[in-house]
Amino acid sequence: MSRPVPRSAPNSAGSAQSRSNIGTDLLIKVLRGSGNLAVAAMVGIDPASDGLARAGRLGVATTAEGVDGLVAMPGFDAIEIVFDATSARAHTANIDEFTETTSAAIEQVGGAARGKAIIILNPAEPPLMMRDTVFCLVAAPDPAVHAEIRASIEKLVADVAAYVPGYRLKQQVQITPIPDDQPVGTLLSGGAERATHQVSVFLEVEGAAHYLPAYAENLDIMTSAALRVAEMIAARKAGA
């Protein structure tokens, strides 16, 4: 039994330009070629928002009355997916919570026995491309395991690059032995086997610049990931 394409409503939840930018970037990503989604409306709270104006020019229904305005719009009952584009300013204002949550995700999602995240805010002008460094301590004396680690990382990078095209390895994955006299015990969880090698992964991300600038890579990853999740949900609904 066929089902209609799930309709989505990007919700730019705020009046600041940074908030509008995230929602507008997501809107354009959906319009550019999501086969499983159709845009129903663009929602904000600032009538003067460039995002709402652009959506209107693209033929998308808009409201500046927030969630109440969305609920009151014709066809609201047919909307199955709503994106909430939170302000980037809010992320910076809560940087401690952001790093703590990321550290927890390294453990709970990534599977690390112990995780730590450090964020570097660089005010350089012109802005730099986003680069991330990932260090892992592993107990892996077998060279065959090293090959498996490299292959696993390369596959994951390729998987992310499928929906974030600017996501790439800056150089080959490095796996180096840890000297016996190097103190790494404080970095390990209690009772963990002593690490034999350090895995170093150097990543670079360039934004797609659909609406956000190319150097807003962290936001591009968020909107790209949101779109991918929504497409997966829509595909699941279509197959139900």
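Histidine 197 touches ten-odd neighbours that lie further off in the sequence, among them Cys136, Leu137, Val138, His146 and Ile175, once residues up to four places away are set aside; a contact here means heavy atoms within 4.5 Å. Ala140, Pro141, Thr176, Pro177 and Ile178 are also on that list. The model is a predicted one, where local features need pLDDT of at least 70 and side-chain atom pairs count only at pLDDT 80 or more, while totals for chains, interfaces and linings use all residues. Residues are numbered from 1 along each chain as its sequence is written, and side-chain values use heavy atoms, with hydrogens and water left out.Histidine 197 sits in strand S9, which covers residues 197–205; strands are DSSP runs of E with at least two residues, helices are runs of H or I with at least four, and both are numbered from the N terminus. With a relative accessible area of 10%, histidine 197 is buried, a label that means under 20%, with exposed for over 50% and partly exposed in between (1.4 Å probe, protein chains only). Its side chain also makes a polar contact with the side chain of threonine 196, at 2.8 Å. Such a contact is a pair of N or O atoms within 3.5 Å; within protein, one must be able to donate a hydrogen and the other to accept it, and residues adjacent in sequence count only if both atoms are side-chain atoms.

Strand S9 also holds one half of an aromatic pair. A search of the whole structure turns up one such pair. Phenylalanine 135 and phenylalanine 202 meet edge-to-face, 6.4 Å centre to centre and with 90 degrees between the planes. Rings of Phe, Tyr and Trp (its six-membered ring) pair if their centres lie within 6.5 Å, and planes under 30 degrees apart count as stacked, over 60 as edge-to-face and the rest as tilted. The pair links distant parts of the chain, with phenylalanine 135 in strand S6 and phenylalanine 202 in strand S9, 67 residues apart. Phenylalanine 135 is exposed at 53% relative accessibility, whereas phenylalanine 202 is partly exposed at 22%.

Moving to the surface, isoleucine 119 lies in the loop between helix H5 (95–108) and strand S6 (130–138). Isoleucine 119 is partly exposed, at 36% relative accessible area. Together with Phe98, Leu121 and Met222, Ile119 makes a nonpolar surface patch of about 350 Å².

As for the whole protein, it has seven helices and nine strands, and buried residues account for 34% of its 240 residues. Of the contacts between residues at least 6 apart in sequence, 68% join residues at least 24 apart.

Conventions
Patches are made of residues with over 30% relative accessible area and no salt bridge: like charges are joined within 9 Å, nonpolar side chains (Val, Leu, Ile, Met, Phe, Trp, Tyr) within 5 Å. Accessible areas come from the Shrake-Rupley method with a 1.4 Å probe; for residues, only the protein chains shown count as cover. A salt bridge is a side-chain nitrogen of Lys or Arg within 4 Å of a carboxyl oxygen of Asp or Glu.
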